[in-house]
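Hi,

Here is the structure I promised to pass on. Have a look at it first, and then read on for what turned up when I went through it.

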Amino acid sequence: MKKIDLSSWKRKEHFEFFSKMDSPIFGIVTEVDCDECYKNSKEKGISFFASYLHKSMIAVNSVEELKYRIIDNEIIVFDKIHAGITIAREDETFGFGFVNFSQDFETFNAELNNEILEVKNCSGLRLNNDDIKKDLIRHSTIPWNSFSGLLHPTNIDRKESVPKITFGKFAVRDGKRMLPISIEAHHGLVDGLHIAKYLNEFQNQLNAKQ
């Protein structure tokens, strides 16, 4: 990781402007075409969730601005961003999980499956040191419903800089499976253009055969 020199940073004024707001978080709700990813997952006998989560993480790591974090009043750029996830249990609770990112799907999927088992075999939120990490994206999934809007519980913290991505249940429209997605980020670090770059690369990954 490296530290941004605020004095020469092109976003200095943007960062200072949005950081003064009570809540500097902004976000959008949209959808992506997950049809190819779904078909490929079923053909290969792999988890659709694991597949699109991995593709999301590839896209996240392709956008530098999604790697910016506020730490001790400084802007840090991480070399790699990992996956924070929520995992549902049969007792209708959920727990938090953490999966190290790897460009290799098999490596990522193996760690994801281990983490799922860990969460399902314990109780509570499973809060640990991973909860205070900054080099992650917080992913949630609402697999029961599609959505066109979303509201997260949050503390009003101007220094909260870990983006949140939420997926819903895909809806079939015009013969295509469309996956709803919400993404939120600190506007002092991330603009709509950077979210668009993430979404564009995510769509490219979803369309890929691997």
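One cut-off before the rest: a residue is called buried here when its relative accessible area is under 20%, and exposed when that is over 50%. Keep in mind, too, that this is a predicted model.

With that in hand, let's start with F101. At 7% relative accessibility, F101 counts as buried, and its place is the loop between β6 and α4. What does F101 touch, leaving out residues up to four places away in sequence? The list is H54, M57, I58, N61, K80, I81, H82 and F108. Take H54 as one of those partners: F101 and H54 sit 47 residues apart in sequence, yet their C-alpha atoms are 8.0 Å apart in space.

R89 is another loop residue to look at, this one between β5 and β6. With a relative accessible area of 8%, R89 is buried as well. Its contacts, again not counting residues up to four places away in sequence, are F94, G95, V119, K120, C122, S123 and G124. From the C-alpha of R89 to that of L117 is 9.8 Å, with the two positions 28 residues apart along the chain counted as their separation.

That brings us to α4, the helix that holds L117. Helix α4 covers residues 105-120, 16 residues in total, and spans 22 Å from first C-alpha to last, close to the 22 Å expected at 1.5 Å a residue. Which residues of α4 are buried? They are F105, F108, N109, L112, E115, I116 and V119. These take up an arc of only 125° around the axis, which puts them on the same side of α4. The general background is that an α-helix has 3.6 residues a turn, so residues three or four places apart point the same way. On the other side of α4 you'll find E106 and L117, both exposed. As for what the buried residues pack against, that is α3 (48-61), β5 (82-88) and β6 (94-99). Two of the buried residues of α4 have come up already: F108 is among the contacts of F101, and V119 is among those of R89.

Helix α1 (residues 12-19) can be read in a similar way. Its buried residues are F15, F18 and S19. Looking down the axis of α1, they fall within an arc of 100°, so they line one face of the helix. The cover over these buried residues includes β3, β4 and β10.

Now for the strands, beginning with β3 and β4. There is an open sheet of three strands, in the order β1-β4-β3, with antiparallel pairing. Its edge strands are β1 (2-3) and β3 (68-71), each of which pairs on one side only. Between β3 and β4 (residues 74-77) there are four bridges, in the antiparallel sense, and R69 has I76 in β4 as its bridge partner.

Then there is β10 (residues 176-186). Is this strand enclosed or open to the outside? Nine of its 11 residues are buried, so β10 is largely enclosed by the rest of the structure. Its pairings are worth following one at a time:

- β2 (residues 25-33) runs antiparallel to β10, joined by nine bridges; V32 has L179 in β10 as its bridge partner.
- β8 pairs with β10 in the antiparallel sense over four bridges, with F167 opposite I181.
- β9 (residues 171-173) also runs antiparallel to β10, through three bridges; here V172 stands opposite R177.

In the hairpin of β9 and β10, two residues lie between the strands, and D174 takes a positive phi near 55°.

Last, the largest pocket. It holds about 910 Å³ of space and has a lining of 36 residues. Which of them lie nearest its centre? Those are I85, T86, I87, F94 and S140; F94 is also a contact of R89. At least two lining residues come from each of β5, β6, α4, β7 (136-142) and β8 (164-168). The largest share, six residues, is supplied by β7.

Over to you!

Methods. Residues are numbered from 1 along each chain as its sequence is written. This is a predicted model: local features need pLDDT of at least 70, side-chain atom pairs count only at pLDDT 80 or more; totals for chains, interfaces and linings use all residues. Side-chain values use heavy atoms; hydrogens and water are left out. The expected span of a helix is 1.5 Å times one less than its number of residues. Buried means under 20% relative accessible area, exposed over 50%, partly exposed in between (1.4 Å probe, protein chains only). The arc is that of the directions from the helix axis to the C-beta atoms. Contact means heavy atoms within 4.5 Å. Two strands pair if DSSP finds at least two bridges between them. On a 1 Å grid over the protein atoms alone, a cavity is a set of points where a 1.4 Å probe fits but cannot get out, and a pocket is an open set with protein on both sides within 12 Å along at least five of seven lines; lining residues have an atom within 4 Å of a point. Grid points are joined across faces, edges and corners, and a volume is the space filled by probe spheres set on the points.
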